[in-house]
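Please walk me through how some of the strands and helices in this structure are put together, keeping to what can be read from the model itself.

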Amino acid sequence: MSNTRFCVKCGREFKQEDLINSLCVNCYLKYHGVFKETPHVELTICPKCGSWYFKGAWHPSLDIREVIRRELLADLHRFLYENISVIEVDVVSDIYKINAGEYGVKAIFTMEVDGRHVVKVNQVVITKLRYRTCDKCMRRTTGSHKVLVQVRFEPLENIEGLRREVMELLRDLEIGESIIEVMELREGLDIKFEDIVSPRKYVNILVKKYGAKTSESFKSTKYDFQEGKWSGVMTISVRIPAIRENDIVRYRGKLGIVKQAEKGVIRILILETGEEVEARLSEYWDRVLEKPSGIYIDERVFTVIAIDKSTIYLLNEETGELREASLTPANYGLKPGDKVIILSDGERELVVKKEG
């Protein structure tokens with residue numbers, strides 16, 4: 001018995017399994033179609049940043065064609081007969097105005113009919129546009145935020161280079177989308193964030209890289225009855241020891257010069273012994289590592305003219321002044337002709353080779 005049948009519209013012969021409700025695929029598309037109604041989408045777009053609202057959430061800005069494509073892939077089933085499924089959508093035209101408040105866009109739909117036939121259908125999609133300021137832009141406008149990171153430097157001496165590094169790190173992390181405002185203050189930075197993930201990422205790096213000390217507090221502003229909890233602003237206080245290369249420090253009671261500082265660790269040349277030691281920047285908070293005040297640095301440059309077993313003889317070539325300083329293990333490498341400066345903590349003077 002033959003398994004062929006005739007299409008009731010065009011009369012052509014087909015295998016029975018190739019017919020859909022007694023129609024060939026072409027006639028099915030022509031006389032029946034795949035859409036129960038003309039597909040349409042309603043887009044809500046932020047006029048400030050271009051982000052779009054979909055299924056209860058704001059999404060990053062995209063080309064409007066891609067926004068329409070994604071919305072159609074998600075919701076097109078509402079406009080299709082039960083035996084039709086969508087495989088892909090290709091938006092092939094720019095959006096154009098049809099009438100007041102209504103636009104159209106041309107699309108090509110790749111679909112599967114009855115689970116057997118893959119077809120392409122050209123269709124105009126009705127598009128309605130609505131503009132609404134997104135939550136992020138609203139917070140930027142009002143200045144509201146979820147997290148405030150307060151970066152402070154200690155002590156407040158020569159912090160501009162360190163402040164610049166901390167700002168560059170903020171940019172390099174590429175978390176600008178979550179930043180609402182950055183305020184530069186004399187003592188540091190105030191950074192407002194709209195989420196909790198980005199500031200925690202930033203703060204964790206500050207701890208690892210600079211030995212920062214942190215603390216957190218939360219100030220509630222209102223009770224969210226739907227969530228069943230208080231909402232408000234979290235403040236993360238970040239204190240960074242302002243210790244950089246070539247700084248004078250006191251480590252375990254001994255004066256030294258920082259020779260290297262990276263990844264939360266510094267190398268210190270102990271001036272009295274010539275020993276190089278390694279310390280963690282976080283030891284600053286235990287007062288094991290200090291950046292002492294009262295250190296006098298004689299800005300004049302002296303030249304080493306002679307060295308004996310206990311004394312270094314110095315000459316200031318501009319004034320002709322001659323000075324003597326005690327030879328310490330840290331200065332065993334000095335030789336006549338080297339340029340040096342003199343440090344004093346009020347009790348003793350130490351000769352330090354001038355870098356560069």
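What follows looks at one set of paired strands and then at one pair of packed helices.

The model is a predicted one, and a convenient place to begin is strand β20, which spans residues 296–307. This strand pairs with strand β23, residues 339–344, in the antiparallel sense, and five bridges connect the two. Within that pairing, phenylalanine 302 has valine 340 of β23 as its bridge partner. Strand β20 also pairs with strand β21, residues 311–315, again running antiparallel, here through four bridges. The connection between β20 and β21 is a hairpin of three residues, and alanine 306 is bridged to tyrosine 313 in β21.

Turning to the helices, α4 covers residues 160–172 and α5 covers residues 197–210, and the two pack with their axes 11 Å apart at an angle of about 140°. Because angles over 145 degrees would be needed to count as roughly antiparallel, α4 and α5 are described as oblique to each other. Their crossing is right-handed. On the α4 side the contact is made by Leu162, Glu165, Val166, Leu169 and Leu170, while α5 contributes Tyr202, Ile205, Leu206, Lys209 and Tyr210. Sorted by character, the residues of this contact comprise eight nonpolar and two charged ones, with no polar residue among them.

How values were computed:
Residues numbered from 1 in each chain as written. Predicted model: local features only at pLDDT ≥ 70, side-chain atom pairs only at ≥ 80, totals over all residues. Heavy atoms only, no water. Pairing = 2+ DSSP bridges. Axes fitted to C-alpha atoms, helices over the stretch in contact; angles between N-to-C directions. Parallel < 35°, antiparallel > 145°, perpendicular 65-115°, else oblique. Left-handed = near helix turned anticlockwise from the far one by under 90°. Contact = heavy atoms within 4.5 Å. Nonpolar A, V, L, I, M, F, W, Y, C, P; charged D, E, K, R; others polar.
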